[in-house]
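Dear colleague,

I am handing over the structure below, and my notes on what was found in it follow directly after. Please read them with the coordinates open beside you.

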Amino acid sequence: MSITTSDAPIAKPELREGFTLIDHAKGQKYDLPVLAGTEGPTVIDVQHLYGDTGYFTYDPGYMSTASCESQITFIDGEKGILRHRGYSIEELSEHSDYLEVCYLLLYGELPTAEEKAAFEHDITYHTMLHEQLHYFFRGFRRDAHPMAIMVGVVGALSAFYHESTDIHDPEQRRTATHQLIAKMPTIAAMTYKYSIGQPFVYPRNDLSYAENFLHMTFSVPSEDYRVNPVLARAMDRIFILHADHEQNASTSTVRTAGSSGANPFACVAAGIASLWGPAHGGANEAVLRMLDEIGHKDRVGEFVKRAKDKDDPFRLMGFGHRVYKNYDPRAAVLRESCHEVLAELHVDNPQLDLAIELERIALEDDYFVERKLFPNVDFYSGIILSAMGFPTSLFTVLFALARTVGWVAQWKEMIKEPAQKISRPRQIYTGYRQRPFRAIEER
Ligand code: CMC
């Protein structure tokens, strides 16, 4: 397959006038270099701080820490900007399709027509799963959460595709990344079919990526299934919007797992585990549960009040983001898609009315305004997905499917970094100092 890659850096970080750290206790000064990327905040380079001063930095949750250098995705949370390789998410979701965005994330440039065709062909011809994996699925309980199945099956891929696990071989790395992107829709659809007791549906090579996924999920062997083009387009757009989001929890997990030299299938399984939590990918599932719990527009005020009460653990799911302190640009695109899908399906969805009312009230409330808490991507995705017929338990699986390209693109970028090191954070130890062992009869 012919591929144009721009893996060479667009620009190396620029060294700026440094920072001086004053250690009053020791009466010493240390100069720290400051580095600037092409956009975004400049960073204080503390790589040599411990060696030079004996101090660590302390930053639980990485509130102020850049963990790597990357050229894939840029977010300006204050302005609500998300760009992949320089292209805005709004333009990509309007003019591009998911596989083109995958190519862009992986190889740095939008493909030519020839490159696009070759890439689509390669992905299409990797969509089938090793037949033996069907038995692997059958080992799970039918009522297992689809994410539990997915994390297990994706981890097991390294046992089935062992010939693409040598991370030092560029050809094997390329094969593994394409296999992961190609096989995730098949795995996601199979988790669903398994949970409802229907036969697995094999992929079809004459369908697009999104169409094929809908076909594997919703068709049955006993009758013809015609993919609705409006739903296929909405599905493709949902995939684009979830494709990458720089160094979020699951991507950082993939990078951390990969930093030890683990194979990409194992690393992506780690990413899926991290995505599962309700503070990350599990939030769209939580949004629908919350809308169900609220039940009626008249009760929105009561729930907004609860969300503001520090003694109540309830939070408005689908609101707030570690990085966006403005409207999440992905939520704006999804809000529009949501109306298109519901119109196509002629669905009068009370949950959408409730969501719009909740958004209106929260956006006018001082608590949310002061803390810059806006709807995030999960706020609308659950409503579209449920209108399309996906059960709530499959929402995070769809997020994992779409995010796989981001994980593998970031993993690939990390592997190629010449100065790449194993991720090994340090700590402030607050436990016991050394103490003598006590025999069991003395405890
Ligand atoms: N409802 C009510 N209050 C909130 C919410 C919320 N959804 N989110 C944040 N706050 C408050 C929080 O209580 C805190 O208030 P105070 O300053 O008075 O203590 C302040 O806003 C800052 O919150 P934080 O928890 O320190 O912010 P964070 O950056 O650590 O958390 C978050 C970000 C996304 C985990 C959080 O906003 C949240 O739990 N949101 C609901 C879950 C959700 O929608 N998650 C999806 C995230 S987007 C998808 C993805 O990228 O995975």
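To begin with a side chain in this predicted model, Asp-312 makes a polar contact through its side chain with the side chain of Arg-306, at 2.7 Å. A polar atom of the Asp-312 side chain also lies 2.9 Å from the backbone nitrogen of Phe-314. As for its setting, Asp-312 sits in the loop that runs between helix H13 (300-308) and helix H14 (329-344), and with a relative accessible area of 18% it counts as buried, because the cut-off for that term is under 20%.

The ligand comes next. There are 19 residues around the ligand, and those that come nearest are His-280, Arg-315, Leu-316, Gly-318 and Arg-322. Looking at nitrogen atoms of the ligand, one is 2.9 Å from a polar backbone atom of Phe-319, while a polar side-chain atom of Tyr-367 lies 3.0 Å from a ligand nitrogen, and a backbone N or O atom of Ala-279 is found 3.4 Å from a ligand nitrogen. Taken alone, the ligand exposes 940 Å², and the protein buries 75% of that area.

Turning to the helices, I looked at H4, which covers residues 113-124 and has 12 residues. At 1.5 Å a residue this helix should span 16 Å, and because its end C-alpha atoms are 16 Å apart, the expected and the computed values agree. Which residues of H4 are buried? They are Glu-115, Phe-119, Asp-122, Ile-123 and Thr-124. In general, an α-helix has 3.6 residues a turn, so residues three or four places apart point the same way. The buried residues of H4 pack against three helices, namely helix H3 (98-107), helix H7 (170-196) and helix H8 (209-218).

Finally, there is a sheet to describe. It is an open sheet of 3 strands, in the order S1-S2-S3, with antiparallel pairing. Strand S1 (14-23) and strand S3 (43-44) stand at the edges, where each has a single partner strand, so one side of each is left without a neighbour in the sheet. S1 and strand S2 (residues 28-36) run antiparallel and are joined by 8 bridges, and within this part of the sheet Asp-23 stands opposite Gln-28 in S2.

With kind regards

Technical notes. Residues are numbered from 1 along each chain as its sequence is written. This is a predicted model: local features need pLDDT of at least 70, side-chain atom pairs count only at pLDDT 80 or more; totals for chains, interfaces and linings use all residues. Side-chain values use heavy atoms; hydrogens and water are left out. Helices (H or I, at least four residues) and strands (E, at least two) are DSSP runs, numbered from the N terminus. The expected span of a helix is 1.5 Å times one less than its number of residues. Buried means under 20% relative accessible area, exposed over 50%, partly exposed in between (1.4 Å probe, protein chains only). Contact means heavy atoms within 4.5 Å. Two strands pair if DSSP finds at least two bridges between them. A residue is near a molecule or strand if one of its heavy atoms lies within 4 Å of it. A polar contact is a pair of N or O atoms within 3.5 Å; within protein, one must be able to donate a hydrogen and the other to accept it, and residues adjacent in sequence count only if both atoms are side-chain atoms. Accessible areas come from the Shrake-Rupley method with a 1.4 Å probe; for residues, only the protein chains shown count as cover.
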